[in-house]
Amino acid sequence: MEVEYLRHGVPLADYPLTKADHRRQREAVQVHEWVQRQLAKAPPWSDKHLEEMRQLLGPPTPPWELQRWRLRLYCGHVIEATRNRNNPRPDGGGRDEERCPECGLNPAVIVAFEPLGPAAEPPAESRSLMSSRSTRQPPADRRSKAELVAENNALRAELEVLRDQA
Ligand SMILES: [Zn+2]
């Protein structure tokens, strides 16, 4: 199934922030601070819990399942980021922000975006495997705790969206 990628504004053009942008940024900061407070209260993850998360998440998303986007962030910086290629826009799935690699603003909401193209072409031998995540081999690599936590949060956000749609 081909996804039709959407665009919003022109990331490289001058862009005056709107009231809605300021409000979204304020809300994103509030959510971020709330999450940070919860994380600070939560007990540290045990090795067992980390291992369970690794099993649950499987290997990192291969690059050919990612779409590249040009994003203009709240701070005015224009960056490139990737999302799962099934998402028609980069600010869906409960994730409409990035940490700006230029100035470090975190979170920085996305105010304009355009699709750039796939992150990589699929290797020929894995095309038939692409649609069946469950048949993948266990991860050969080890992901960092920060990556696991980030992916866990992203998955939760996606679940929230799916639940809202149901
Ligand atoms: Zn920035």
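This report walks through a predicted model of one protein chain, from its overall layout down to a few individual residues.

## The chain at a glance

Let's start with the parts list. The model contains three helices and four strands. Reading from the N terminus, they come in the order α-α-β-β-β-β-α, so to speak as a run of strands with helices on either end.

The chain has 166 residues, and 13% of them count as buried. Take the contacts between residues at least 6 apart in sequence: 68% of these link residues at least 24 apart.

## How far to trust it

Mean pLDDT for the chain is 85, with 82% of the residues at 70 or more. One stretch to treat with care is residues 134-138, where the pLDDT is below 50. Setting aside near neighbours in sequence, that stretch makes three contacts in the model.

## The sheet

The four strands form an open sheet, and their order across it is β2-β1-β4-β3, with antiparallel pairing. At the edges you'll find β2 (78-84) and β3 (97-98). Each of these has a single partner strand, so one of its sides has no neighbour in the sheet.

Now for the pairings themselves. Seven antiparallel bridges connect β1 and β2, and β1 and β4 are also joined in the antiparallel sense, over seven bridges. For β3 and β4, the antiparallel pairing runs over two bridges, and there Glu98 sits opposite Ala108 of β4.

## Across β1, residue by residue

Arg68 is a handy landmark, with Thr82 of β2 standing opposite it and Gly117 of β4 opposite it as well. Further along, Arg72 has Val78 in β2 as its bridge partner.

What links β1 to β2? The two strands make a hairpin, with four residues between them. Within that turn, Gly76 has a positive phi of about 100°.

## The nonpolar core

Which residues build the largest nonpolar core? There are nine: Trp69, Leu71, Leu73, Tyr74, Ala108, Val109, Ile110, Val111 and Phe113. Both β1 (66-73) and β4 (108-118) supply at least two residues of this core. The top contributor is β4, with five residues.

Trp69 is worth a click in your viewer. Besides belonging to that core, Trp69 has Pro115 of β4 as its bridge partner. Ignoring neighbours within four places in sequence, Trp69 touches Glu80, Ala81, Arg83, Pro90, Phe113, Pro115 and Leu116. Of those contacts, Phe113 is listed among the core residues too.

## The helices

Helix α1 covers residues 19-41 and lies across β3 and β4. Its direction is about 95° to that of β4.

Is helix α2 mostly tucked away or out in the open? None of its 11 residues (47-57) is buried, so helix α2 lies largely in the open. Right after α2 comes Gly58, with a positive phi of about 70°.

## Pulling it together

If you're scrolling through the model, β4 is a good place to begin: this strand pairs with β1, pairs with β3 and gives the most residues to the largest nonpolar core. Helix α1 also lies across it. From there, hop over to β1 and follow the hairpin round to β2, which stands at an edge of the sheet.

Technical notes
Residues are numbered from 1 along each chain as its sequence is written. This is a predicted model: local features need pLDDT of at least 70, side-chain atom pairs count only at pLDDT 80 or more; totals for chains, interfaces and linings use all residues. A residue is buried if 20 or more other C-beta atoms lie within 10 Å of its own, exposed if 12 or fewer, and partly exposed in between; C-beta atoms are placed from the backbone. A nonpolar core is a set of buried Ala, Val, Leu, Ile, Met, Phe, Trp, Tyr and Cys residues joined through C-beta atoms within 7 Å. Two residues are in contact if their C-beta atoms, placed from the backbone, lie within 7 Å. Two strands pair if DSSP finds at least two bridges between them. Axes are lines fitted to C-alpha atoms, for helices over the stretch in contact, and angles run from 0 to 180 degrees between N-to-C directions. pLDDT is the predictor's confidence in each residue, from 0 to 100.
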